[in-house]
Structures are given as C-alpha cells and as structure tokens.
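Trainee: I should like to learn how to read disulfides and helix packing in a model. Might we begin with the disulfides?

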Amino acid sequence: HYVFSADCKPYMEWQSVALYYSWVSAGAPGRFTRLLSCDEPNYPYVNSVPTHVTPLYTNIDPNDPYSAYNLPGSMMHWTQHNRTDRKWIIKLDADMIVRKPLSVTAGLEAEEGLVAAGIYGYLHGVDNEMAEMFVPDAQTRSILAKVGGWEIFHAPDLARAAPLWYEYTKRVRTDKRVWWPFKGTGDVFITETNPRPWISEMYGYVFGAAVAGLRHNVVHSCQLYAGMAPWDDASFDPFLIHYGIRIEIPEVSAGGSPSGEARRPAWAWDKHHELQGGADARDKLSCAIPFAPFPEVPERLVPTPATDGKTLTREKAETRRVEVVRELMVALNDGVRWHRARACGEAADDGDVFSEKRSESEKAKADAEASAAADGERRAAAATEGVSRRKAKASLPRRAAGGSLSRTRGDAGALGDAR
C-alpha cells in the first residue's frame, strides 16, 4: 500500500497527480492513497487521486506554522482511522516519481521490526549530543539510523511508530537547544531569523521509530535525486526519482559531452519555481486555465550515444544523469495531462495506461463504484482508503475536480492486524 502526504495547495496537486500516474504506469501492485491534510471544506481537487483526508496540522503551534507537521500527523491519523489489507506500507514523498515497483523481494529487505529506508547522511544529530537530548536510553540510541524520504514498513510497525513520529517531531521543533546557533542538526538553512531546523520532522521520524523499537535496512541506491549523477548500477536504474533540489543541465559540446565553458547551465529547473507568479500560474490542474507545461530537456542537451539504462560506466554517468532528468520532466507533464484529459476533456498526448487493458463494461462498473465512494465520503467525516492498482486503471468521472477512486473496505482488517 503506497502512501504519501500532501496539503491542499495547487503546488502539491501537480506533484500528487504526477506521482499517482507514475505509480500506475510503473505497474506497481497494491493500493495507493494520498494523505491530504486540508481544512478547506470545498477543496476542488480532493478527489484528484485516491485520498484520505486528515486535519491540517500546520498550525498546531500558533507561533510556528510548520507544514512538515502534516507528514507524521497524517500518518498517525490514517493508521488510526483507516484500514488496509496489505502487509507492507510504502511511504513516499510527494516530489517523487515511481519508475519501478518497490518490493521487499527486489533488494529492499524489510520484515517485522525492520524498515527499509533511504539514507540521509546529513542527519548529523544521530551521531552527536543531539541524540542523547531526545533519546536518553543508550540501547535505543544504538538503533538510530540516518534515514528518510521513502520507507517500507510492515503495516503494524507503522501503526506503532506513527504517534511517536508525530510526538518527537513536536519535541525537536520546539526544543530551543537545537535552534540556531546550534550546528549539530546538519540543517544548513537555519539562521538567527529562522532558528528552528526545517528537518525537525526527519529527526522526529528517526527518534520516534527507534523508541518504537524499529531497526532500519539503510539502502543507498533506491532513489536518485534528479540532477545528480548515478554512482552504482542500482542508482543508474533507480526505483524512484526524487526532485527536491535545483537541477541544471550544461550545454553539450560538439563531441557529445558537456561543454567546458564553466559548465554554465543551458537548462535549469527547480520545483520551487512553480511557487512563483500568481495563483493562476501555479494551478496546473484548473480547467479554467490553459496548461503551461513543465520545461522539458531539449534533445540537443542529452549527450550521445544513449545509455542502456542499466549498467554504470564512468563515461556514461553524465549521460545517464541527463537522461533521468529528461525522463522526470516528461513524467510530470504526462501526469498533469492525464488528469486534465479526464477532468477537463482535453486530449492527452500519450496512451491511456489506466484504461487500455479494461473493457468498457469494467470501466463503467468501476466508475459507478467510484461515484458511490465519493458520495459516501461527502456524507461521512472519515476519508476513504486508496484502491488497488486494478481499480486505479478505471477512468475518473469527467468533472472539474476529478472523481474519487477510493472505496471504504468494511471487510478489511484493521491496520494493526493487517495480513
């Protein structure tokens, strides 16, 4: 069961539909649920992807609006108010693209009490005096790990860890001992003006998971940050593309390699660029606003010859870096176009991976189920659960906000008893 956290802003919507579209396109099995922290009763995109609605946690401290509270808060809410019949829960970040299904049988080992997770080496507080501030027990400190971004949990483990994740996020965020000028967090963005570490939530997870008794299989190469060069075969063909940092592509010389002209970027993009401009410019899902596509990498900037996409060689690292960036930008545009094709009636440029293998009768049945689930969600305060990939292939109801593909499964076991 794949889950991720978002809040109700247009900036998060295009990320949500792109992630969802990539999940289905990758052929990932299981279910998919967005955990939407939102306090807008008439939010137009509540059903843009399968969604469980949670309270908005950003302002739990009136003196410190911190949107990252939504991640542990929404995980806690989902585990306490929803159901899954899946053994494994895969937590992603919104700013990711799924390239291959994540699996405990594909080198991402996890088991009861052992979480597979990505390495985040800058979490220096795991190794210094900060750890003892929040985790006084030495045995518990011994299982701390520098991890984040994505995780694979045995379902009952997440149910046990989520409240502690939330609690320790609050503790780290409000503890003045780790505010500026303390340098031990590894957060390079803290200043005297903004003294609290932005990565408080990451430490909240690390400390909370350890207190819950969870160990970690620290995986180095499951994800590749777009713009970074791969370092081994696994990162050359990653499961995930993560686009949390600025990406730059240099001009290519006549020989097919990056130009030596101070490597000035011929193309650059940062997801935060999408926060600029007016509200209309930021809303890429609105049917009332023509879609302004994300800038794709021109073919002339991709070094040649192409790689095989599988095996790292030193001379191919830069080529693969650019190929992955180009793949990312195409995936973002494909995801938004898919949504707009269904919500706005616009033509999509690519094939419909959601419905091409389903008959018209199957689609009609799934649409009827989706409409019933959406009606049930409006009547009830509880939000709906994500649906299986098979149901996800059904077309969404053609309306401005999309249609819910979620269903409440009354016959599924409680999360703590997931099979």
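Mentor: In this predicted model, the torsion about the S-S bond of Cys-8 and Cys-38 is about 95°, so the disulfide is right-handed. The sulfur atoms of Cys-8 and Cys-38 are 2.4 Å apart. The pair links distant parts of the chain, 30 residues apart: Cys-8 is in the loop between strand E1 and helix H1, and Cys-38 in the loop between strand E2 and strand E3.

Trainee: Is Cys-8 buried or exposed?

Mentor: Cys-8 counts as buried, because its relative accessibility is 9%. Cys-38 is buried too, with a relative accessible area of 11%.

Trainee: How many disulfides does the structure hold?

Mentor: The structure holds 2 disulfides. Cys-287 and Cys-344 also form one, with sulfur atoms 2.1 Å apart. Here the S-S torsion is about -80°, so this disulfide is left-handed. Cys-287 lies in the loop between H8 and H9 and Cys-344 in the loop between H9 and H10, so the pair ties together parts 57 residues apart in sequence. Cys-287 is partly exposed at 32% relative accessible area, and Cys-344 is partly exposed at 23%.

Trainee: How should one read a pair of packed helices?

Mentor: Two packed helices are described by the angle between their axes and the distance between those axes. Helix H5 (residues 155-174) and helix H6 (residues 200-211) pack at about 130°, with axes 7 Å apart. That angle makes H5 oblique to H6. The crossing of H5 past H6 is right-handed.

Trainee: Which residues in H5 meet H6?

Mentor: Leu-164, Trp-165, Tyr-168, Thr-169, Val-172 and Arg-173 in H5 meet residues of H6, including Tyr-203 and Phe-207. The residues of this contact divide into 8 nonpolar, 4 polar and 2 charged.

Terms used:
Residues numbered from 1 in each chain as written. Predicted model: local features only at pLDDT ≥ 70, side-chain atom pairs only at ≥ 80, totals over all residues. Heavy atoms only, no water. Axes fitted to C-alpha atoms, helices over the stretch in contact; angles between N-to-C directions. Helix = DSSP H or I, 4+ residues; strand = E, 2+ residues; numbered from the N terminus. Parallel < 35°, antiparallel > 145°, perpendicular 65-115°, else oblique. Left-handed = near helix turned anticlockwise from the far one by under 90°. Contact = heavy atoms within 4.5 Å. Nonpolar A, V, L, I, M, F, W, Y, C, P; charged D, E, K, R; others polar. Disulfide = S-S within 2.5 Å. Buried < 20%, exposed > 50% of the residue type's maximum accessible area, 1.4 Å probe, protein only.
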